[in-house]
Amino acid sequence: MINIKTLGDLPRDLQLKDPSWWRGMMMNDLFFLCSMVLHHGKKVEYRDLNWVHKSLCNFIDTNPLPQLLVLMFRDGLKSCIARAVIIQWFLKRLYEQTEDKAFYFSGVFDLAQDQLERIVKEILENELIQAFFDGIIPREKGDFETCAIADKGKIRYKRVEIDIGSPEKPLTGHHYSLGINDNLVTVVNSRTQDMRSEEHTSEL
């Protein structure tokens, strides 16, 4: 069994599962990834997951390339689940050794940058992800072929790439298999009528 220091924090039946079971669940069950893996070792993030989030995750699992608008209450963990979708996609593509690209687009570049930094931190520091995908995913930032979040807005590892964009950094001329638009309208880019009009135009 893989030696994980805090594996004892998990339910006993999960502790006994073999690595292939864990990898399969992480790559194919989004709610499991959120509630058991990304929540692991944290006191704040991915807290208060309930049937609403489980229903959303189950819908995404059964519709792998949906075109949908998700409207949820404030602090409804939408961005947390969006990050999980990207992380799941990243793990799956590397496990399958498939070349691919995804993007994360926000109303202001700083928000998209923050999300990608959190994604990288999760991949590198989550004990369960590192243990069960050892030898498949990067172990530290230096392992990425590209990890230029602040300037280029992208990471790349073994032909799998995640880009970030915003109205000031468009992602034209690229082809992606997965894209997430999150926090398109924020308090930063919608303070005035002119800014709201500009944001509406950019979305069109």
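**Meeting helix α3 and its surroundings**

Me: How many of the 9 residues of helix α3 (residues 30–38) are buried?
Reply: Helices here are DSSP runs of H or I with at least four residues, numbered from the N terminus. Buried means under 20% relative accessible area, exposed over 50% and partly exposed in between, with a 1.4 Å probe and protein chains only. Helix α3 is mostly covered, and its buried residues include Phe31, Phe32 and Cys34. The number is 8.

Me: What kind of model is this?
Reply: Residues are numbered from 1 along each chain as its sequence is written, and side-chain values use heavy atoms, with hydrogens and water left out. Local features need pLDDT of at least 70 and side-chain atom pairs pLDDT 80 or more, while totals for chains, interfaces and linings use all residues, as this is a predicted model.

Me: Which helix gives the largest share of the largest nonpolar core?
Reply: Such a core is a set of buried Ala, Val, Leu, Ile, Met, Phe, Trp, Tyr and Cys residues joined through side-chain atoms within 4.5 Å. This one has 50 residues, and Met26, Leu30, Val37 and Phe90 touch the most other members. The largest share, 11 residues, comes from residues 78–96, helix α5.

Me: Which residues does Phe90 touch, not counting those up to four places away in sequence?
Reply: Touching is a contact, meaning heavy atoms within 4.5 Å. With those sequence neighbours set aside, the partners of Phe90 are Ile123, Pro138, Phe144, Tyr157, Val160 and Ile162.

Me: How many strands does the protein chain have?
Reply: A strand is a DSSP run of E with at least two residues. Alongside 8 helices, the protein chain has strands numbering 5.
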